[in-house]
Amino acid sequence: MKEHLKKILKQANNNPEGRCLLREYLQARSLEFLQNKGAFSMWSFVGGTSLRFLYDLSRFSEDLDFSATKEVSEQDFINMLNAVKSGFEKELYSITIKAKPNRTVQSALIKFPGLMYEVELSAHSSETISIKLEVDTNPPKGWQCENSIVRRHTMLNIQHYTKPSLLAGKVNALLSRTYTKGRDYYDLMWYLTDHKELQPNFIQLNNALEQTSWQGPILNAENWKEIVAQRIEST
């Protein structure tokens with residue numbers, strides 16, 4: 001499979017997007033190994049990378065973000081990471097994983113040392129490409145999930161939040177972050193232009209805002225766009 005990766009990058013002529021394509025390939029294979037271990041019976045795919053994989057969002061995203069759909073343990077998280085590590089090692093990848101499982105948002109940094117050099121995307125053998133993986137073990141109540149078949153470098157059957165629940169997560173991020181992330185606005189514009197009639201999952205959204213000590217009003221179909229517009233204007 002590593003030779004297949006090299007072929008993909010060669011066909012792309014190792015253009016400036018080569019690094020993004022490499023990371024996306026590694027994301028897809030990580031999702032495959034997680035799927036084979038049963039991750040999507042307990043995790044739901046969320047975040048910017050999910051929008052790209054599921055709906056072909058026209059931006060690359062670095063992280064793999066998930067929300068737990070049932071109670072999960074630290075050992076569950078470690079088992080999933082071990083499945084990813086084992087899967088890549090069987091294909092002769094060099095891989096290291098640094099995990100922080102004892103948090104509400106479990107996280108891990110998956111590194112592939114030397115791979116950039118091996119596939120001729122870097123002149124430095126020490127350069128490392130990495131993927132951050134996070135699982136929210138206490139997501140706001142009210143989320144809704146569905147499953148989709150995705151073909152992106154491999155075949156995946158992914159459990160993920162529905163579009164209203166994904167939008168709720170994005171609106172919560174935009175309103176709750178104490179700092180500005182350009183990708184929040186990019187994704188919001190995608191929702192508002194490609195899915196004009198879409199409404200957030202308001203139960204989930206208001207529960208999420210409550211978790212972050214939101215001081216504003218309860219959001220509903222009549223006021224959410226106005227409140228988001230006020231945030232954009234103030235930013």
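Helices, which are DSSP runs of H or I with at least four residues, and strands, which are runs of E with at least two, are numbered from the N terminus. All of the views below show a predicted model.

**View 1. Helix H8 and the residue that follows it.** Helix H8 spans residues 202-211, and its buried residues are Phe 202, Gln 204, Leu 205, Asn 206, Ala 208 and Leu 209. Among the elements that cover these buried residues are strand E7 (155-161), helix H6 (163-176) and helix H9 (224-234). At the start of H8, a side-chain oxygen of Asn 201 comes to within 3.3 Å of the backbone nitrogen of Ile 203. After the helix comes Ser 213, which has a positive phi, near 60°.

**View 2. The hairpin between strands E3 and E4.** Strand E3 (residues 96-100) and strand E4 (residues 105-113) run antiparallel and are joined by five bridges. Within this pairing, Lys 100 has Ser 107 of E4 as its bridge partner, and the hairpin that connects the two strands passes through four residues. When looking at strands in such a view, it helps to remember that side chains alternate between the two faces of the sheet in a regular strand.

**View 3. A salt bridge within helix H2, between Arg 29 and Glu 32.** The structure holds 15 salt bridges, and in one of them the side chains of Arg 29 and Glu 32 meet with an N to O distance of 2.7 Å. The two residues are three places apart in helix H2 (residues 18-37), so about one helical turn separates them. An α-helix has 3.6 residues a turn, which means that residues three or four places apart point the same way. Arg 29 is buried, at a relative accessible area of 2%, and Glu 32 also counts as buried, at 17% relative accessibility, because the limit for this label is under 20%.

**View 4. A salt bridge between two loops, from Asp 56 to Arg 152.** In this pair the closest N and O atoms are 3.0 Å apart. Asp 56 belongs to the loop between helix H3 (47-55) and strand E2 (63-68), while Arg 152 belongs to the loop between strand E6 (145-151) and E7, so the salt bridge ties together parts that are 96 residues apart in sequence. Asp 56 is partly exposed, at 49% relative accessibility, whereas Arg 152 is buried, with a relative accessible area of 14%.

**View 5. Asp 184, Arg 177 and their salt-bridge network.** The side chains of Asp 184 and Arg 177 form a salt bridge with an N to O distance of 2.7 Å. Asp 184 is buried, with a relative accessible area of 2%, but Arg 177 counts as partly exposed at 21% relative accessibility. Through salt bridges that share partners, Arg 59, Lys 170, Arg 177, Asp 184 and Asp 187 are joined into one network.

**View 6. The largest pocket and its lining.** The space in this pocket is about 1100 Å³. Its lining consists of 43 residues, and those nearest the centre are Asp 65, Glu 134, Gly 169, Ala 173 and Arg 177. At least two lining residues come from each of H3, E2, E4, strand E5 (128-136), H6, helix H7 (182-194) and H8, and the largest share, seven residues, is supplied by H6.

**View 7. Lys 2 in helix H1.** Helix H1 covers residues 2-11 and includes Lys 2, which is buried, with a relative accessible area of 11%. Leaving aside residues up to four places away in sequence, Lys 2 touches Glu 91, Leu 92, Tyr 93 and Glu 118.

Notes:
Residues numbered from 1 in each chain as written. Predicted model: local features only at pLDDT ≥ 70, side-chain atom pairs only at ≥ 80, totals over all residues. Heavy atoms only, no water. Buried < 20%, exposed > 50% of the residue type's maximum accessible area, 1.4 Å probe, protein only. Contact = heavy atoms within 4.5 Å. Polar contact = N/O pair within 3.5 Å; in protein donor to acceptor, adjacent residues only side chain to side chain. Pairing = 2+ DSSP bridges. Salt bridge = Lys/Arg side-chain N within 4 Å of Asp/Glu carboxyl O. 1 Å grid on protein atoms, 1.4 Å probe; cavity = no way out; pocket = protein on both sides within 12 Å on 5 of 7 lines; lining within 4 Å. Points joined across faces, edges and corners; volume = space filled by probe spheres on them.
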